[in-house]
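Let's take a walk through this structure together. Have a look at it first, and then we'll go through some of its details.

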Amino acid sequence: MDRLQAMTVFVRVVESGSFSAAARLMHLGQPAVSKAVAQLERQLGVQLLLRSAHGLTPTDAGQRYFERVVRIVSDAEDADAAARDSTLSLQGRLRVAVPTTFGRIQIVPRLGEFLKEHPRLKMDIELDDRRVDLVMEGIDVAIRVGPLNDSTMIAKRLARGRRSVLATPRYLEQSLALETPEDLGLHQAVTYARDDGGRYTFRQQEREMTATLRPRLNLSAAEGIRAAVLADLGLTIAADWMFRPELECGTVVRCLTDWSLPPVDLWVVYPSGRLTSAKARAFSDFVAGVIGDLEMVPRSMH
């Protein structure tokens with residue numbers, strides 16, 4: 001068995017958790033699978049798997065090896081797919097990083113369409129608000145919201161989303177009037193810890209006004225922002241898609257609707273230093289279709 005095939009066997013063993021399951025997936029005999037892993041261990045001089053009554057788990061060295069060779073196996077499968085020139089042949093594993101709230105509200109509920117179109121594809125989705133290091137963490141494609149600070153990545157802007165002052169009707173009933181951006185300083189605000197200083201510039205035709213939110217709560221995750229606003233703890237400034245279900249049913253409403261805020265950018269980014277895989281491009285196209293259903297700012301503001 002050649003080196004690449006042995007690597008593929010090892011990846012399938014780790015993913016499936018047993019020699020027998022990997023053998024079924026690859027249409028091989030179980031002895032051949034065991035032999036391939038043993039061959040890798042001899043070549044590397046380290047133990048890759050721990051065998052116990054509970055199954056197989058990678059050793060520390062095995063986990064590090066898996067994280068590297070899974071990329072090699074995936075790239076080889078992409079090369080095969082490119083040679084066949086068929087998107088229907090997408091297979092292997094795709095690793096994606098998506099901001100938690102955007103992924104939970106916009107991506108995951110629609111993911112069935114994508115997986116149905118590519119039945120041989122497996123996905124790992126990292127739902128995290130932090131800026132994941134794509135190269136270090138082996139991510140194939142990521143979705144980013146807001147400004148991009150890393151110029152070394154390959155990036156494409158997918159859309160610019162509307163941003164609003166948002167609150168529940170109950171909070172507004174119990175609070176002071178909110179008629180101009182200046183009134184924001186009188187309100188309890190729920191803010192995102194990653195925003196810079198909480199200062200926002202509003203526009204009304206040719207008129208501009210800068211306002212500063214005074215946070216009652218400052219939270220490090222978008223899910224916390226949502227929970228606090230829905231608990232009537234204050235108003236916030238956020239992209240409309242972040243509260244899309246609540247805006248549709250009236251649980252949350254837009255305030256200061258005769259004023260506009262700078263839009264928020266939505267990006268797809270790829271790690272630099274390697275060609276973008278067919279799987280990553282297919283996921284990017286899928287996301288572009290999803291956000292086509294979102295309320296975005298007019299083209300004139302792009």
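Start with two residues that sit inside: Phe102 is buried, and Trp241 is buried too. Keep in mind that this is a predicted model. The ring centres of Phe102 and Trp241 are 4.9 Å apart and their planes meet at 85 degrees; pairs over 60 degrees count as edge-to-face, so this one does. Along the chain the two partners are 139 residues apart, with Phe102 in helix 5 (residues 100-107) and Trp241 in the loop between strand 12 (236-239) and helix 9 (244-249).

Next, look at Phe114 and Phe283. Their ring centres lie 5.8 Å apart with planes at 80 degrees, so this pair is edge-to-face. It also links distant parts of the chain, since Phe114 belongs to helix 6 (residues 111-117) and Phe283 to helix 10 (residues 278-291), 169 residues apart. Phe114 is buried, with a relative accessible area of 2%, and Phe283 is buried at 0%. Ring pairs join Phe114 and Phe283 with Phe286 in a cluster. The count of aromatic pairs comes to five. A ring can have a charged partner as well: Arg226 lies over the face of Phe243, 5.4 Å from the ring centre.

Now go back to helix 1 (residues 3-16). At 1.5 Å a residue, its 14 residues should span 20 Å, and the end C-alpha atoms are indeed 20 Å apart. At its start, a side-chain oxygen of Asp2 comes to within 3.3 Å of the backbone nitrogen of Leu4. The buried residues of helix 1 include Ala6, Met7, Phe10 and Val13. Just after the helix, Gly17 takes a positive phi of about 90 degrees.

Methods:
Residues are numbered from 1 along each chain as its sequence is written. This is a predicted model: local features need pLDDT of at least 70, side-chain atom pairs count only at pLDDT 80 or more; totals for chains, interfaces and linings use all residues. Side-chain values use heavy atoms; hydrogens and water are left out. Helices (H or I, at least four residues) and strands (E, at least two) are DSSP runs, numbered from the N terminus. The expected span of a helix is 1.5 Å times one less than its number of residues. Buried means under 20% relative accessible area, exposed over 50%, partly exposed in between (1.4 Å probe, protein chains only). A polar contact is a pair of N or O atoms within 3.5 Å; within protein, one must be able to donate a hydrogen and the other to accept it, and residues adjacent in sequence count only if both atoms are side-chain atoms. Rings of Phe, Tyr and Trp (its six-membered ring) pair if their centres lie within 6.5 Å; planes under 30 degrees apart count as stacked, over 60 as edge-to-face and the rest as tilted. A charge sits over a ring if NZ of Lys or CZ of Arg is within 6 Å of the ring centre and within 35 degrees of the ring normal.
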